Structure formats: C-alpha cells, structure tokens
Amino acid sequence: MDLARTEVAPRRGPGRSAAVRLGLLALPVAFFAAFFAYPVAAIVSRGLRTGGSWRFGRIVDVVAQSDVRHVLWFTTWQALASTALTLLVALPGAYVFARFEFRGKQVLRAVVTVPFVLPTVVVGTAFLALVGRGGLLDELWGVRLDTTVWAILLAHVFFNYAVVVRTVGGLWSQLDPRQEEAARMLGASRLTAWRRITLPALGPALAAAALMVFLFTFTSFAVVRILGGPAFSTLEVEIYRQTSEIFDLSTAAVLTLVQFAAVGAILAVHAWTVRRRESALRLVDASLTARRPRGAGQWALLAGVLATVALLLVLPLAVLVQRSLDTPGGHGFAYYRALTSADSGMFLVAPIEAIGNSLQYALAATAIAVLIGGLAAAALTRRAGRLVRGFDALLMLPLGVSAVTVGFGFLIALDEPPLNLRSSWILVPLAQALVGVPFVVRTMLPVLRAVDERLREAAAVLGASPWRVWREVDLPMVRRAMLVAAGFAFAVSLGEFGATVFIARPDNPTLPVTVDRLLGRPGDLNYGQAMALSTILMAVCAVALLLLERVRTDRTGEF
C-alpha cells in the first residue's frame with residue numbers, strides 16, 4: 001500500500017457527508033415526486049379547479065353534507081373501536097411473547113404475523129366465509145355478522161393483532177424485569193408494580209402501536225368494502241365510490257384532502273412516540289428476560305393466548321381453505337380447476353393467469369422498493385436536520401394516503417410525455433412499490449444505524465469512495481436485513497388492491513383484483529373460485545413470511 005497516498009486521503013467532512021446524503025436522496029425524492037405527489041396533486045387539482053380558478057369553498061360544501069359527515073363519523077368511530085379492541089385482545093399475547101420461553105415460540109410468532117402480511121382482500125374473504133351468508137356461523141347456529149360493524153371490527157383485530165404483539169412485545173422483552181421485582185419486594189402488589197413501573201415504560205410502544213392500528217383501520221378499504229356492504233363506508237370506500245361509480249371528482253378530492261390531513265397528524269404523533277421510545281429507556285438483551293411459564297396462572301395465560309390465536313387468527317383462514325374445497329359435489333378441487341377457464345363475461349383470460357401476473361408485478365415492485373428504500377435508508381442513517389427528518393416522515397405517507405386516489409391519479413396524470421405510462425405494464429409495479437418502500441426503510445434503517453460509524457470513517461480515511469464504503473462496510477452487515485425488507489415488500493406488493501383496482505389491465509389482472517371481481521358476481525362457482533384464489537394468495541404470503549422469520553437478524557419480535 002502507498003503510505004503517502006493513505007496519509008493524504010481526505011477525511012470526510014460535514015460538507016462531503018451532506019453531499020453524499022443529498023446524492024442518496026436524489027432518486028427517492030424524484031420517485032416520490034413523480035409517482036406519489038404528482039398523481040395525488042393532479043386528481044386534487046382536477047376536482048377543485050374549474051376554469052383555471054380554485055374552488056376552496058367546495059371543501060366546506062362537501063364536509064357540510066350529512067352523508068359525508070356520517071362517513072367521517074363512522075370512519076373515526078370504527079377506527080377508535082378497532083384500536084381499543086385490538087389492544088385489549090393483543091396485549092396478553094405481547095406479554096407472553098416478551099416474557100415466556102416455550103417450545104414452538106418462533107413458529108407461533110410467524111403464525112401471528114401471517115394475517116398482517118395477508119392482502120386485505122383475503123382478510124375480507126376469510127371473514128366472509130366465517131360470518132357471511134352460508135358461512136360457518138350461519139350453518140352451525142344461523143348467525144350472520146356480515147353487513148354489521150362487528151364483522152369489520154373482528155377483521156381489523158385479525159389484521160392488526162401482530163402490530164401490537166410485535167411492537168409492544170418487542171420493547172417489553174427488553175425491559176429489565178428486576179425493576180418490577182424490586183417494587184414487589186418493597187410491598188407493591190403485582191398490579192401496582194406493573195402500573196407504576198412497566199406501564200410507563202411501555203407507554204411509547206403502546207402509543208406507537210395504537211397509532212399504527214388506528215392508521216390502518218382509519219384508511220381501511222377492502223375489508224369494509226367486502227364485509228360492510230352498502231350500509232357502511234369509510235373515507236377510502238367513499239373516495240372509491242365517488243371516483244369510480246358517481247364520477248364526482250370534486251367530492252373525491254375533498255375527501256382525499258381530509259384523509260391526507262388526518263394521516264399527516266397521525267404520522268407526526270407516531271414519529272414523536274418513536275423518538276421517545278428510542279431515547280428514554282435503558283434496555284437489556286431480550287434473551288435474558290424470557291423464562292418458561294411458572295405456576296398455574298402463567299400456564300393459564302399461555303393457554304388463553306394460544307386459544308385466542310386459534311379462534312381469532314387460525315380459524316378464519318382454516319374456514320377459507322375449507323370453503324375453497326366445499327363444492328356442490330362434495331369436497332374436492334373443482335373450484336381450483338375452474339380457475340383454468342376464462343369467463344368471457346368477466347375475464348379476458350383465465351383467472352389462474354392472475355397468479356403469474358401478480359408474481360411478476362410483485363417481483364418488479366420489490367426490486368423498485370428495495371432500490372428506492374435502500375437509498376433512502378442509507379441517507380437517513382446519517383445524522384441530519386429537519387429537512388431529512390421530514391422526508392423520513394413523508395416516506396410513511398403512502399401507507400395512509402388513499403390508494404384509490406393514487407391509482408386514479410396514475411390514470412389522469414401519467415398519460416402525457418415524458419411520463420406517458422398509462423398503457424405500460426410498469427404502472428402496476430410502480431403503484432405497488434409505493435407501499436413497499438416504507439417497509440424497506442423501516443426494516444433496514446435500524447440495522448444501518450447500528451453499524452459503527454468509525455468503520456465508515458476508517459474506510460474513508462484510507463481513500464475509499466462512498467460507494468466502496470457502502471459495499472465493503474455496510475452491505476455485509478445489512479444483507480440479511482435487505483432480504484427481510486425485500487420479503488416484506490414482496491408480500492405487501494402482492495396484496496396491494498386500492499390502486500391496482502384502477503390500473504390493472506383486464507388482460508393482466510392481479511390476484512386481489514380477480515378475487516374482488518369474483519365476489520362481485522352471484523353464483524356458487526364465482527364464490528368458490530374467489531375462495532380458491534384467496535387460499536392460493538394466502539399460501540404464497542404465508543410461505544414468504546415463514547422464510548422471512550428464518551433469515552431475520554432481530555429476534556425481539558419487532559417489525
């Protein structure tokens with residue numbers, strides 16, 4: 001090695017670090033500007049502008065309508081109820097995963113997480129098979145819960161159970177249990193010690209989990225659309241109805257702005273709770289806090305959590321599989337075989353081709369999401385000011401902003417040069433990647449921030465370029481995290497529905513779009529094919545999740 005060259009190699013200063021950070025952010029910023037901000041702005045502008053002038057008074061007119069106020073009330077009420085019910089049901093599970101060590105724990109953790117990565121169309125279909133007309137409850141006891149708010153609430157708990165278990169349980173497993181034990185030795189009861197010691201420490205994680213559950217249920221679309229019927233409509237469902245059925249872009253634009261403001265406020269509070277969780281606690285190794293259950297009470301708690309998982313999470317999926325096999329001629333694969341033939345009245349191609357289409361779209365979307373999310377995570381790893389932290393928050397917006405608006409915005413905005421993509425196949429992966437990028441960033445960012453900065457500085461002092469520093473220092477340490485991020489991006493891309501329902505071409509439908517079309521038509525054959533396709537989609541997502549659990553580096557259980 002040339003010692004003279006090594007000595008004169010400049011150390012990366014603040015100016016160079018800022019330049020590297022801006023360079024890394026250039027492509028993510030351009031991507032979000034072109035494929036998120038521009039389409040959303042285009043549909044809002046189309047709805048609120050007439051003859052070149054803005055009609056902001058339209059916002060007041062729309063919000064003042066009684067049916068819109070009812071939609072706003074129901075959206076908020078069901079989100080609050082879903083959040084409270086999810087916390088109530090999932091907190092015992094969070095404690096069990098945090099404090100107990102038992103055989104099959106990792107498999108059970110994967111089972112608990114499967115519903116979260118399932119497409120919402122599958123969740124709605126599974127509960128329809130359980131509580132809908134001709135469902136299991138209807139056959140056994142004559143009870144139907146579809147078109148009732150209870151079906152919606154239960155489906156939301158099913159979908160978000162893992163959010164609470166893994167977010168709260170992940171932190172709970174790293175809290176030192178000796179603090180609570182010391183309080184009990186000083187005379188405090190078990191409840192008092194938990195209320196005064198553990199609960200305040202869990203506060204940031206509880207708040208973060210509650211906010212994420214509220215966000216996902218506030219913007220619920222497919223679950224409400226399938227289970228709620230015409231009687232119930234969230235903002236997202238109403239935006240879809242106004243856009244695709246009534247063609248009232250003005251009202252849809254106003255509702256989009258209302259949802260955008262609500263989501264922005266939720267994400268701002270969520271970012272604050274995350275910063276509190278990162279800075280306010282002293283944590284210990286999670287492997288030191290888990291023990292085998294002791295005493296009848298702890299074994300009863302474990303049994304109760306297992307029963308909850310079986311009834312709430314496993315039963316709907318089992319019923320879905322059973323309904324896909326329950327044909328008029330007895331149990332068999334007739335509905336699966338029917339997927340190979342095209343119905344000229346509904347599909348230009350056989351429904352089975354949606355599987356190949358979805359896999360191709362999801363793979364392309366995963367590649368885009370890993371590229372954009374990886375660059376964004378690398379830029380956010382470095383200490384930055386408010387501008388970069390603000391972009392960090394903006395990366396989460398696609399999870400909360402109306403996917404229906406984004407999809408319809410693609411059709412309106414991306415039909416002129418230089419972004420004339422309306423007839424291109426890449427439109428679907430681009431929309432799916434918008435949802436995958438936040439998962440990539442949230443998976444890779446903690447691992448990148450855990451890399452010792454002195455390793456990067458040493459490589460830079462020895463003359464390595466920023467690209468070589470990333471390749472030689474960061475990449476070997478984050479390779480497994482990148483695989484996990486790619487898996488999450490693949491799963492969520494596979495199930496994206498809100499935007500894809502607008503932009504998927506009839507000759508290249510995706511699995512969720514095909515399931516929705518089948519459910520929208522009467523007849524046992526269409527219903528059975530919807531169950532069969534949903535089962536296939538569930539199996540693919542479950543396999544992807546199980547593979548993720550094998551390669552993930554973090555065993556605390558957090559996302």
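This passage describes the overall make-up of a predicted model, then turns to one helix pair and one buried threonine.

The predicted chain contains 24 helices and four strands. Of its 559 residues, 55% count as buried. Among the contacts in the chain with a separation of 6 or more, 80% are accounted for by residues 24 or more positions apart.

A helix pair worth a look is formed by α6, spanning residues 120-131, and α8, spanning residues 149-172. The axes of α6 and α8 come within 10 Å, and they cross at roughly 130 degrees. Because that angle lies between the ranges counted as roughly perpendicular (65 to 115 degrees) and roughly antiparallel (over 145), α6 and α8 are oblique to each other. The crossing of the two helices is right-handed. On the α6 side, the contact is made by T120, V123, F127 and V131; on the α8 side, A151, L154, A155, F158 and F159 take part. Sorted by character, the residues of this contact comprise eight nonpolar and one polar, with no charged residue.

Attention now moves to helix α5, which covers residues 105-117 and holds T113. With a relative accessible area of 1%, T113 falls under the 20% cut-off and is therefore buried. The side chain of this buried threonine is also engaged in a polar contact: T113 pairs with the side chain of R166 at 2.4 Å.

Definitions and conventions. Residues are numbered from 1 along each chain as its sequence is written. This is a predicted model: local features need pLDDT of at least 70, side-chain atom pairs count only at pLDDT 80 or more; totals for chains, interfaces and linings use all residues. Side-chain values use heavy atoms; hydrogens and water are left out. Axes are lines fitted to C-alpha atoms, for helices over the stretch in contact, and angles run from 0 to 180 degrees between N-to-C directions. Angles under 35 degrees count as roughly parallel, over 145 as roughly antiparallel, 65 to 115 as roughly perpendicular and the rest as oblique. A crossing is left-handed if the near helix is turned anticlockwise from the far one by less than a right angle, and right-handed if clockwise. Contact means heavy atoms within 4.5 Å. Ala, Val, Leu, Ile, Met, Phe, Trp, Tyr, Cys and Pro count as nonpolar, Asp, Glu, Lys and Arg as charged, and the others, Gly among them, as polar. Buried means under 20% relative accessible area, exposed over 50%, partly exposed in between (1.4 Å probe, protein chains only). A polar contact is a pair of N or O atoms within 3.5 Å; within protein, one must be able to donate a hydrogen and the other to accept it, and residues adjacent in sequence count only if both atoms are side-chain atoms.
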